[in-house]
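Trainee: I would like a close look at a single part of this model, taken slowly. Please pick one helix and go through what surrounds it.

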Amino acid sequence: MTRTDVPPTGDERASLVTFLDYVRDTAVMKCDGLSAQDAAAAPLPGSPLMTLGGLISHLRWVEHWWFDVVFLGGEDRGPWTEEDPDREMRLGAQTPLAELLADYAADAARHRETVAAHSLDDLAERPIRDGRRMNLRWILLHLIEETARHNGHLDILREMADGTTGD
């Protein structure tokens with residue numbers, strides 16, 4: 001994997017797409033060589049759903065929500081339910097890490113195509129809670145923030161699992 005935060009051009013679209021790929025690649029890198037047991041471990045007593053596998057699952061399904069459901073107006077295929085709103089975290093701890101990473105990569109590739117086919121000013125088909133329809137630019141920025149924040153969690157969990165540190 002070639003991971004870079006330097007866009008090929010200095011324009012806004014290239015910068016946003018490059019940074020989203022960079023934080024995605026960082027999340028994947030945090031799982032490199034991880035054992036199945038470590039991927040499912042929840043070492044933080046106050047956060048029993050916080051596992052490396054759970055976070056990768058969460059990142060995948062958050063992108064599904066924002067790109068497929070909100071932006072494109074598609075059906076919500078997410079695993080969450082009203083009774084279990086964090087189900088993607090639970091399933092992530094029970095699903096083989098290779099499967100989680102493959103699903104995340106496949107969805108990311110599809111979402112890259114969605115981004116390439118739309119203007120940054122295009123509005124989402126579905127409004128957010130307050131009734132506003134966000135543009136693609138905001139969704140990209142939000143996903144960069146969300147993924148980067150969870151990369152911090154992945155970093156801590158990985159170090160706790162086997163001592164691996166790094167960017």
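Mentor: What follows is about helix α3, its two helix contacts and the pockets that share its residues, with one further helix pair at the end. Keep in mind that this is a predicted model.

Helix α3 covers residues 52-71, and one of its partners is helix α6, residues 136-162. The two axes come within 10 Å and cross at roughly 175 degrees. Angles over 145 degrees count as roughly antiparallel, so α3 is roughly antiparallel to α6. By class, the residues of this contact are 15 nonpolar, five polar and three charged.

Another partner is helix α4, residues 87-94. Here the axes come within 7 Å, and the crossing angle is roughly 130 degrees. That angle makes α3 oblique to α4, and the crossing is right-handed. On the α3 side, the contact is made by G53, G54, L55, S57, H58 and W61; on the α4 side, by E88, M89, G92 and A93. The residues of this contact divide into four nonpolar, five polar and one charged. Glycine counts as polar in that division, and G53, G54 and G92 belong to the contact.

Two of the residues just named turn up again in a pocket. H58 and E88 both line the second largest pocket, together with W80, T81, E82 and P85. The volume of this pocket is about 160 Å³. Its lining has two nonpolar, two polar and two charged residues.

The largest pocket also takes in residues from the 52-71 stretch of α3. W65, W66 and V70 line it, along with R126, P127, I128, R129 and D130. The space in this pocket is about 230 Å³. Five lining residues are nonpolar, none is polar and three are charged.

For a second antiparallel pair, turn to helix α1, residues 12-29, and helix α5, residues 97-116. Their axes are 12 Å apart and the packing angle is about 175 degrees, which makes α1 roughly antiparallel to α5. From α1 the contact uses R13, V17, D21, R24, A27 and V28, and from α5 it uses L101, Y104, A108, H111, R112, V115 and A116. This contact has eight nonpolar residues, one polar and four charged.

To return to α3: this helix is roughly antiparallel to α6 and oblique to α4. H58 of α3 takes part in the contact with α4 and lines the second largest pocket, while W65, W66 and V70 line the largest pocket.

Notes: Residues numbered from 1 in each chain as written. Predicted model: local features only at pLDDT ≥ 70, side-chain atom pairs only at ≥ 80, totals over all residues. Heavy atoms only, no water. Axes fitted to C-alpha atoms, helices over the stretch in contact; angles between N-to-C directions. Helix = DSSP H or I, 4+ residues; strand = E, 2+ residues; numbered from the N terminus. Parallel < 35°, antiparallel > 145°, perpendicular 65-115°, else oblique. 1 Å grid on protein atoms, 1.4 Å probe; cavity = no way out; pocket = protein on both sides within 12 Å on 5 of 7 lines; lining within 4 Å. Points joined across faces, edges and corners; volume = space filled by probe spheres on them. Left-handed = near helix turned anticlockwise from the far one by under 90°. Contact = heavy atoms within 4.5 Å.
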